[in-house]
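Reader: I'd like to learn how to read a fold like this one. Can we go through it feature by feature?

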Amino acid sequence: MSNYTYNNDLALIGAGYWGKNLARNFNDLGALNTVCDTDAETAKRFASEYKGVKNVSNPAALWSDPKITRVAVAAPAIYHYPIAKAALEAGKDVFVEKPLCLDLEEAEELVKLAKERDRVLMVGHLLQYHPCIEKIQSILAQGELGKLYYVSSTRLNLGKIRKEENALWSFAPHDMSVILSLAGGVLPEAVQCVGGDYLTPGVVDTTMTTMKFSGNARAHIYVSWLNPFKEQKLTIIGSDGMLVFDDTKPWDEKLTLFQQYLTWTDGQAPMPNKSPGESVEVVEAEPLNRECAHFLDCCDKRLEARTGGVEGLRVLTLLNAAQRSLESSGKAVSCELLKGI
């Protein structure tokens, strides 16, 4: 948790399944001023839990309030665009839960609007703020893994089963955000995605997305909410080493480094050098608290967020490409480059 107390000027819009976690963290940081939810009873309940926090049931009440300078949006994804747009037009800094929105043109509009109004626009790609992911990025940047070969991500569980968005849009954005950052912030040259809908017709429960980057680096993401066990694992393979991040393990076992995993014989034939690997020490911290504090810091210091609007647009571009491939039974799809952003 941050030791710094922020100005009490943030309104949270949406206090449901995930919003309650944002409310707790922004309140712990001293920033939560108002909770807004269309269910008036929900808003009142949250306001009663946190001393001095106000409640409203209509976001429009926030736009003319001079005490509210920043807004966090945890409403359903279909409402992200209109709420974020209204907030930016009202001169507020905006944090939006993933995805930024559902439409690429609308996402581009939000990014341009934030730039024109000199407002912070940040997307809630939570995994980027996990200390283990930051350690992985540092190890990769220092060259300890050598050349990046491929990244493998699995995010599996039994539920929470949704009917309004599929497993790709629900589970994959966090991993896509991390993989793009590991690949140098560039979009892949080609994307393929396959999946199946078993519980609700038209809503896929499981997907496999594969990506090919320039230089022959590759990545794949397997997500499912129809799986008997929970798994959240990220594996990074390089020419000189491998890293495994298993978020289901105890903190001191989450990140494991495998160095020099191959031995080359005289004939230059690779032989596996099997070892248990070594645990990488990482300072424990709550990712969501760090994410919320990062947004507040960016607002106070007028900085571009690590997962800012452009990064959110990049992830949305990849999501849309994967969705197009999914709808065409796994046909390879190219990612269109961002235009004028």
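Reader: Let's start with one residue. Not counting residues up to four places away in sequence, which residues does Arg70 touch?

Author: One caution before that: this is a predicted model. Arg70 touches Tyr6, Asn7, Asp9, Leu10, Ala11, Lys92, Asp93, Phe295, Leu296, Cys299 and Asp300, once residues up to four places away in sequence are set aside. Arg70 itself sits in strand E4, residues 70-73.

Reader: Is Arg70 buried or exposed?

Author: Buried, because its relative accessible area is 1% and the cut-off for buried is under 20%. Its side chain also has a polar contact, at 3.0 Å, with the side chain of Asp300.

Reader: Which sheet does E4 belong to, and in what order do the strands come?

Author: The order is E3-E2-E1-E4-E5-E6, an open sheet of six strands with parallel pairing. Strand E3 (54-56) and strand E6 (121-124) are at the edges with a single partner strand each, so each has one side without a neighbour in the sheet. On average, neighbouring strands here are turned by 20° against each other, ignoring direction.

Reader: How many bridges join E4 to E5?

Author: Four, and the two strands run parallel. If you want one pair to click on, take Val71, whose bridge partner in E5 is Val94. Helix H8 packs on this sheet too, touching E1, E4, E5 and E6, and its direction makes about 160° with that of E5.

Reader: Now helices. What do I look at when two of them pack?

Author: Two packed helices are described by the angle between their axes and the distance between the axes. Try H1 (residues 19-28) against H8 (residues 287-301): their axes come within 9 Å and cross at roughly 65°. That crossing is right-handed.

Reader: Which residues of H1 and H8 meet there?

Author: From H1 you have Asn21, Leu22, Asn25 and Phe26, and they meet Leu288, Asn289, Cys292, Phe295 and Leu296 of H8. Sorted by class, the contact has six nonpolar, three polar and no charged residues.

Reader: What about H4? Which of its residues are buried?

Author: His80, Tyr81, Ile83, Ala84, Ala87 and Leu88 are buried in H4. Their cover includes strand E1 (10-13), helix H3 (60-63), E4, strand E5 (93-97) and helix H5 (104-117). Just after the helix, Gly91 takes a positive phi of about 85°.

Reader: And what does the side chain of His80 reach?

Author: It reaches the backbone oxygen of Pro99, at 2.6 Å. His80 counts as buried because its relative accessibility is 1%. Beyond its neighbours within four places in sequence, His80 is in contact with Val73, Ala75, Val96, Glu97, Lys98, Pro99, Leu100 and Cys101.

Reader: There's an eight-stranded sheet as well. What is its order?

Author: This open sheet reads E8-E9-E10-E7-E11-E12-E13-E16, and its pairing is mixed. Strand E8 (190-196) and strand E16 (278-279) are the edges; each has a single partner strand, so one side of each is left without a neighbour in the sheet. E8 runs antiparallel to strand E9 (residues 206-212), with seven bridges between them. In that pairing, Cys193 has Thr209 of E9 as its bridge partner.

Reader: Which helices pack on this sheet?

Author: Helix H6 (residues 131-141) does, touching strand E7 (148-158), strand E11 (226-238), strand E12 (241-246) and strand E13 (255-259). The direction of H6 makes about 170° with that of E12. Helix H9 (residues 309-327) packs on the sheet as well, where it touches E8 and E9, and its direction makes about 55° with that of E8.

Reader: How do I see the mixed pairing around E7?

Author: Check both neighbours. E7 pairs with E11 in the antiparallel sense over nine bridges, while seven bridges join E7 to strand E10 (residues 218-224) in parallel. Val151 stands opposite Ile236 in E11, and Ser153 has Ile221 in E10 as its bridge partner.

Reader: What should I know about side chains along a strand?

Author: In a regular strand the side chains alternate between the two faces of the sheet. For one to inspect, pick Ser152 in E7. Ser152 counts as buried because its relative accessibility is 15%, and its side chain has a polar contact of 2.9 Å with that of His220.

Terms used:
Residues numbered from 1 in each chain as written. Predicted model: local features only at pLDDT ≥ 70, side-chain atom pairs only at ≥ 80, totals over all residues. Heavy atoms only, no water. Axes fitted to C-alpha atoms, helices over the stretch in contact; angles between N-to-C directions. Left-handed = near helix turned anticlockwise from the far one by under 90°. Contact = heavy atoms within 4.5 Å. Nonpolar A, V, L, I, M, F, W, Y, C, P; charged D, E, K, R; others polar. Buried < 20%, exposed > 50% of the residue type's maximum accessible area, 1.4 Å probe, protein only. Polar contact = N/O pair within 3.5 Å; in protein donor to acceptor, adjacent residues only side chain to side chain. Pairing = 2+ DSSP bridges.
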